[in-house]
Amino acid sequence: MDPSAPVLVTGGSGYVAGWIVRYLLEDGRTVRATVRNPDKPTGLEHLHALADAHPGRLTLHRADLLDDGSFDEAMAGCELVMHTASPFLMGRLDNPQEQLIRPALEGTRNVLNSVNRTESVKRVVLTSSVVAICGDNVDMRGKDRFTDADWNTTSTPNHQEYNYSKTVAEKAAWAMCEAQDRWDLVTVHPGLVLGPSLTTSSVSGSMTTMAHFIDGSMALGAPALQVGVVDVRDVARIHIAAGYTPSARGRYIANAETISLLDMGNALRRKFGNRWTFPRIELPKFLIKLSAPAAGLTRPYVERNVGWPVRYDNSRTRDELGIEFMPAEQSVVDHFQQMIDDGIAKR
Ligand code: NAP
């Protein structure tokens with residue numbers, strides 16, 4: 001890989017992409033970032049600041065996942081493409097097919113159609129997710145942990161729609177990769193990404209999850225839900241290592257450790273408990289089930305996730321990409337501190 005060749009980051013305005021773009025620039029790379037609307041007056045301030053701090057090395061380009069060919073111009077001359085753009089929306093959606101599944105699947109195909117047309121591209125790093133590995137926590141029954149050999153086989157267009165969108169998009173990417181031999185594919189599988197955001201405009205599920213600690217929805221207690229957590233800065237470093245390590249191959253789990261929502265509340269109370277109230281107990285599952293529809297959750301989701309453990313094996317990411325993961329509690333605390341600094345968490 002020529003270190004002076006530009007690298008393309010799709011969805012450059014996003015939470016995860018912001019850190020990827022920043023670290024690439026700090027590493028001396030030239031970056032092209034795609035956004036749907038490069039002229040929008042808000043939401044891109046952090047990218048404009050990065051462009052000013054690294055003159056001539058960051059440009060923004062208009063591209064839409066649903067518009068085949070729209071990535072061609074930005075990709076011309078790139079050897080490495082990092083495809084992060086994909087909606088990560090939580091809660092009840094009016095039309096998951098249009099809001100999640102089509103942009104993820106059709107968008108991945110469109111980006112890779114551009115890759116197929118762009119002779120310079122040698123590697124694609126795709127931001128997949130642990131949800132392409134595990135659909136519901138209960139799927140771990142009979143296993144010690146999930147590895148990169150596992151696939152989500154339980155999500156559908158009507159159950160865990162986001163998880164389904166990531167699974168079908170990643171499968172499509174592998175199929176397109178295997179149909180040619182010029183470029184290779186490396187996929188990155190983050191758990192719930194937490195840690196400071198460079199933008200307040202992201203609507204990522206990471207923000208929605210942390211907002212639950214201040215919106216009163218966990219005032220009585222937390223669901224007994226375990227989640228894999230990883231720091232956004234580690235996720236960015238993993239993308240870059242996946243892109244520039246010649247021997248990198250296959251699927252890399254980007255998950256520091258599994259913690260419960262109650263563990264997160266406890267970490268937040270230790271640091272911010274003098275100003276905010278955080279959950280102290282886990283609520284019984286039947287109560288969570290009863291209140292699920294009002295909280296935007298389905299009962300099958302609660303049934304198949306609350307109270308079930310989940311674990312992921314990140315050893316290949318540590319060994320082959322040289323990543324030392326930040327503790328999950330640090331990411332939770334740093335994320336909340338950023339919410340305070342940005343005026344999102346107020347007292
Ligand atoms: P985010 O802040 O919402 O970023 C998603 C980006 O996708 C946005 O910047 C958006 O760009 C772009 N996008 C959405 N629809 C698009 C469309 N039709 N055309 C072009 N761009 C579109 O979310 P994130 O958390 O950073 O997620 C980034 C990636 O990480 C996604 O692939 C997500 O599935 C994956 N991931 C996230 C987590 C997590 O916990 N956050 C965990 C695992 C995997 P514009 O609106 O500016 O165009």
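**Exercise 1.** Determine which strands helix α12 lies across and at what angle it runs to β10.

*Solution.* Helix α12 (residues 328-341) lies across β7, β8 and β10. Its direction runs at about 60 degrees to β10; axes are lines fitted to C-alpha atoms, for helices over the stretch in contact, and angles run from 0 to 180 degrees between N-to-C directions. Helices (H or I, at least four residues) and strands (E, at least two) are DSSP runs, numbered from the N terminus. The model is predicted: local features need pLDDT of at least 70, side-chain atom pairs count only at pLDDT 80 or more, and totals for chains, interfaces and linings use all residues. Residues are numbered from 1 along each chain as its sequence is written, and side-chain values use heavy atoms, without hydrogens and water.

**Exercise 2.** Establish the strand order of the sheet and identify its edges.

*Solution.* The open sheet holds 3 strands in the order β7-β8-β10, with mixed pairing; two strands pair if DSSP finds at least two bridges between them. Since β7 (192-194) and β10 (257-260) each have a single partner strand, they stand at the edges, so one side of each lacks a neighbour in the sheet. Next, β8 (residues 226-231) pairs with β10 in the antiparallel sense over 4 bridges. Within this pair, valine 229 stands opposite glutamate 257 in β10. Finally, helix α8 (residues 261-272) packs on the sheet and touches β7, β8 and β10 (contact means heavy atoms within 4.5 Å). The direction of α8 makes about 80 degrees with that of β10.

**Exercise 3.** Describe how α4 and α5 pack.

*Solution.* Helix α4 (residues 96-117) and helix α5 (residues 161-178) pack at about 15 degrees, their axes 9 Å apart. The crossing is right-handed (the near helix is turned clockwise from the far one by less than a right angle).
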